[in-house]
Amino acid sequence: MPRPAPLKVGFQMDPIQNVDIDADSSFRLALEAQGRGHSLWVWTPDQLAYVEGRILARAQSAEVRREQGNHVTLGPVEELDLADLDVVWLRQDPPFDMSYITNTHLLDRIHPGTLVVNDPTWVRGWPEKLMVLDFPDLTPPTAIARDIETLRAFRARHGDVILKPLYGNGGAGVFRLTPEDRNLNSLHELFSAMNREPLIMQKFLPAVAAGDKRVILVDGEPVGAINRVPAEGETRSNMHVGGRAEPIALSDRDREICAAIGPRLREAGQIFVGIDVIGDWLTEINVTSPTGLQELERFDGTNASATIWEAIERRRAG
């Protein structure tokens, strides 16, 4: 099969100079793209702009390598018209705030002439913890509210619950409230003083002690999974807060969940997605900047990055 034509590829991401080259999925995607003959540019979210009808970025060409302390060579800063690129990766980390939302609106103006991955319209329309509401039969009991009485009533029904910011990430601000815990009012006051956003409360799933599974989907199809096990004494399994990644196979329930949500993801241009599954329950659908590619490749040799690029190359060729 002939190799696809070289593509001009941009990465809108947090500074590439600072990434962990053994864990970062954006770095692995860039490395795979370069190996396939594609050329790379990078810029940070604050360098994106709309100017007189054009979407521009103050970007730098990039050459990447798996070499600790010397993993990227950057060219000079140049004004880049993103309509001249073939692919733009939206890979900045949350928080999913108005800055993030504005960037999706700007990138909408070049898509799909320039293929933006993932499709910014649906990244904006499907924040991590909200898309799961479309699949109530797959998710644990959930409440989204700012009103303290609503949260109290939900907790009274379910007893042991998790409380977290609706637009948080990386395990920050996640609290388990057992029936004996008296901190709900204080936490509500704390979060309410920080912003005007609702909170999300879910029934606690004891199965999290065995791990929070990250299942990676490419174009709506599952390609593999890793298990993230909480550190001793922790409820949160996020690797940012000490969770341990380990190999795990896809279960029949995982495949059932993926079969239910996969067609929606594919139709909405969500090429690289990571879902979180605890026990038999879907808890999040991560479309903004999912992770897990390098761990999956280390554990079982699955090169999901190549599968992702094959999906992108098919779309560009079609």
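**View 1. P165 stands opposite L199 in β12.** This is a predicted model, where local features need pLDDT of at least 70, side-chain atom pairs count only at pLDDT 80 or more, and totals for chains, interfaces and linings use all residues. Residues are numbered from 1 along each chain as its sequence is written, and side-chain values use heavy atoms, with hydrogens and water left out. P165 belongs to strand β10, residues 161-165 (helices, H or I with at least four residues, and strands, E with at least two, are DSSP runs numbered from the N terminus). β10 and β12 pair in the antiparallel sense over five bridges (two strands pair if DSSP finds at least two bridges between them). β10 also pairs with β11 (residues 175-177), again antiparallel, over three bridges. Look there for L163, whose bridge partner in β11 is F175.

**View 2. Here are the two faces of β10, both of them covered.** On one side sit V161, L163 and P165, on the other I162 and K164, and all are buried (under 20% relative accessible area with a 1.4 Å probe, protein chains only; exposed is over 50%, partly exposed in between). Five of the five residues are buried, so β10 is largely enclosed by the rest of the structure.

**View 3. Strand β9 (residues 142-145) has one covered face and one uncovered face.** In a regular strand the side chains alternate between the two faces of the sheet. In β9, A143 and A145 make up the covered face, while T142 and I144 are on the uncovered one. β9 runs antiparallel to β12 (residues 199-203), and four bridges join the two. One pair to pick out is A143 with its bridge partner in β12, M201.

**View 4. Helix α1 (residues 25-35) packs with helix α7 (residues 293-300).** The angle is about 70°, and the axes are 7 Å apart (axes are lines fitted to C-alpha atoms, for helices over the stretch in contact, and angles run from 0 to 180 degrees between N-to-C directions). That makes α1 roughly perpendicular to α7 (65 to 115 degrees; under 35 is roughly parallel, over 145 roughly antiparallel, the rest oblique). S25, F27, R28 and L29 of α1 meet L293, Q294 and E297 of α7 (contact means heavy atoms within 4.5 Å).

**View 5. Helix α7 has L293, Q294, E295 and L296 as its buried residues.** These residues pack against α1, β13 (212-218), β14 (221-229), β15 (244-247), β16 (272-278) and α8 (304-317). Just past the helix, G301 takes a positive phi of about 80°.

**View 6. Two loops hold a residue with a positive phi that isn't glycine: E52 and D219.** Phi of E52 is about 50°, and E52 is found in the loop between β3 (48-51) and β4 (54-64). D219 has a phi near 50° and lies in the loop between β13 and β14. Which is buried and which is exposed? E52 is exposed, at 78% relative accessible area, whereas D219 is buried, at 13%.

**View 7. Cis peptide bonds join H111 to P112 and V117 to N118.** Most residues other than glycine have a negative phi, and most peptide bonds are trans. Between H111 and P112, omega is about 5°; P112 lies in the loop between α2 (98-108) and β8 (115-117). Between V117 and N118, omega is about -5°, and N118 lies in the loop between β8 and α3 (120-125).
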